[in-house]
Every structure is written in structure tokens, then in C-alpha cells.
Amino acid sequence: DHTLSNLDIYLTEFERKAKENGVRVHWASDAAEHNAIIHKIVQDNAITRIVKSKSMLTEECHLNPYLQEAGIEVVDTDLGERIVQFRNEPPSHIVLPAIHLKKQDVSETFREHLGTEAGNNDPQYLTEAARNHLREKFILSELAITGVNFAVAETGGFVVCTNEGNADMGVHSARIHIACMGIEKIIPKAEHLGVFTRILARSATGQPITTYTSHFHRPRPGQEMHIVIVDNGRSRQLGRPDFRNSLKCIRCAACFNTCPVYRRSGGHSYHTAVAGPIGSILNPNLDMKANADLPFASTLCGSCTNVCPVKINIHEQLWKWRQVIAAEGLVAPSKKVGMQLMGYLFANPAFYRFAGKAGR
């Protein structure tokens, strides 16, 4: 609450410290500006090969398709992300992008793209094939893109958490590092990091801490480091009293894992980069018309709110988004008529009793 209420102060402090550390800081108001900034860095340095670790912000901004249309190769290096990239699918989960696939699916995908042995479903064999494939991409890469889990205003540094070490491999191999962060990723001091790194790992995968918790403060000699700080509707969400709490999200996906709707329908049914309960309250802010269906894909059971480590009132926000969407006239006519009939039924005891008898 304190940080969200003083976001401008901490962001400018972070920018000042980062610049003192030799980092180049860019500000992007939306997805198009974010993509254009990265494209310019790529063009200015005549780069053709990019490796990228998992970043939900770049998924939100559709960076991969943007760069690929410009003829620039972008290789996702998170194993799950690489699998869905081969399959030309979006991730179905923000921590486990390929959770919707079986090992047989992965085997068939690798056979098609990496030439692995047909029918070999051994996870060790498939992982080794992915390692050999990605190692070459790391060595040849000229630029590495990462996300940002937490940015520290006090130091101008930021933290990237992974379990595969792919962010570190990319950053240490490439001569340019671009880190992309939403404005809500800031925390005031380094001493606060311990709280957040613990709750992120425990709520995401049940680990005490991620295998790699990498701190970046300045570029190494001969390297360029850039940070792109992105708004993309976050300021608008911050200005909505009913919805500002959603900016506390640390992308742990605890709400996905407990949600009875997500667990049965899967991430692709949400048609957005960030699926699940948290996506259903973030995405209507980005495009209310395109995402008007998402707040209704919930039982309002409250399990998401109950498990959220940063105490976002998710189910209440889903309920409030329904009211906003209905007031904007974005509810399907069939749903609107159905709700009016239900309202009439429940408001008239005699009709209710008659309907009950008729139903029986």
C-alpha cells in the first residue's frame, strides 16, 4: 500500500540510482512504445539474434511477434516457453508455461523441431536435447532480454528469479542486456527483498527460494544494460480505488493453482497472456470490450483471495468488474435477459414457488 501510494517517488529514485550505476533507463507508456524502444536498440546495434528469458510483460506487449515480423530471431530460453514457442502457442500458465502438455506432446514437438528420436518420451532425454539446442543459442546470441521480478529503488538494481539459470546464461553471454519491468515491480529498499523472494517461491512452486535469484546492478565492462519501465494501463488501474490492489501481484500463480475454473478450463481459454483469476481482473483494464467475458468466468468462491500471498481481494474485484462491464453495456444480450428473468423470479415468492413446483 505504501509503495503504490508513493510510486512516482520510488520510480524516479530507481531511475536516478540506475543511471548512476551506468544503466540506460527508458520509459514506455504502452505496449507499442515498449516494442519500439527495444526494436530501436536492436536496429542501432545491428542485432539479428536474441535470447529471452521468461517475461510476462513481453508476452503482454506481444514483443515476440513484433520482432519476428521485422525479421529478427527471438529464442525463448525458459524450457516451457521454448516448447510452446515451437508449437506456436501462448503460455497457459505464468510460472509453468507448458503445463497443458504431456511428455508425449513434448516428445512429438522435439521430434519435429529438434530431430529427436520418435516415441522417446524420457524426460531426461528430452531435457538433454533442449539443453544442447539452447546452449548454441546462448553462445551465438548478441542480446538478452529478461523480465524483472523486483526492482529496488534504494540501489537502482533489480532481481530476476529462475529455476533453470537461463536468464543468467543469456545475460552473461550477450553484449547487451535489456530488462523489461512494469511500474508496479518496484520496492523501496534491499532489506525488503527477503520477504518478497520467499513468498514468491513458496506461493509459486512450494520451494523455500528459487534456484537462481540473480541480482543485477550495473553492466559488466564492455556490456550495455537497458531497463524499459512500462505503464501500459497500470496508472489507470492505480487510479481506480476498487482495482488498485491488483497491482500488488507478484506473478506467483497461486490463484491459478487453486481456481476451480482455471484447473478445469486451462490457460488458453482465457485468450490473454496472463490467464487465471488475476488475469481476469487485470485484462479488462487493458481492453474492457475484448476481455468483458473474463470476470464472469468465476464461481466467486474466494479461494484465489484466500491463497494470495500479497492479499489481493481478487474475488471481490471480479464481482466489481462485472458491475462496471454491465454498466458499460458490454454484457451479452442473452446474459442480460437471463439475469433479468432470474431477478424477477427471485423477487416474486409466488412465481418462485410455482417455478419450483413446475421444475419438480
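Trainee: Which residues are buried in helix H7?
Mentor: This is a predicted model. In H7, residues 103-114, the buried ones are Val106, Ser107, Thr109 and Phe110.

Trainee: Why do they line one face of the helix?
Mentor: Look down the axis of H7. The buried residues fall within an arc of 165°, so they line one face.

Trainee: What do they pack against?
Mentor: Two helices. The buried residues of H7 pack against H6 (79-86) and H8 (123-140).

Trainee: And what comes just after H7?
Mentor: Gly115. Its phi is positive, about 70°.

Trainee: Switching to the sheet. What is the strand order?
Mentor: E8-E5-E6-E9. It is an open sheet of four strands, and the pairing is mixed.

Trainee: Which strands stand at the edges?
Mentor: E8 (186-187) and E9 (212-216). Each has a single partner strand, so one side of each is left without a neighbour in the sheet.

Trainee: How many bridges join E5 to E6?
Mentor: Three. E5 covers residues 150-152 and E6 covers residues 157-162, and the two run antiparallel.

Trainee: Which residue is the bridge partner of Val152?
Mentor: Gly157, in E6.

Trainee: Where does helix H9 lie?
Mentor: Across E6 and E9. H9 is residues 166-173, and it runs at about 130° to E6.

Trainee: Which strands does H10 touch?
Mentor: E5, E6, E8 and E9. H10, residues 193-204, packs on the sheet. The direction of H10 makes about 175° with that of E5.

How values were computed:
Residues numbered from 1 in each chain as written. Predicted model: local features only at pLDDT ≥ 70, side-chain atom pairs only at ≥ 80, totals over all residues. Heavy atoms only, no water. Buried < 20%, exposed > 50% of the residue type's maximum accessible area, 1.4 Å probe, protein only. Arc of directions from axis to C-beta. Contact = heavy atoms within 4.5 Å. Pairing = 2+ DSSP bridges. Axes fitted to C-alpha atoms, helices over the stretch in contact; angles between N-to-C directions.
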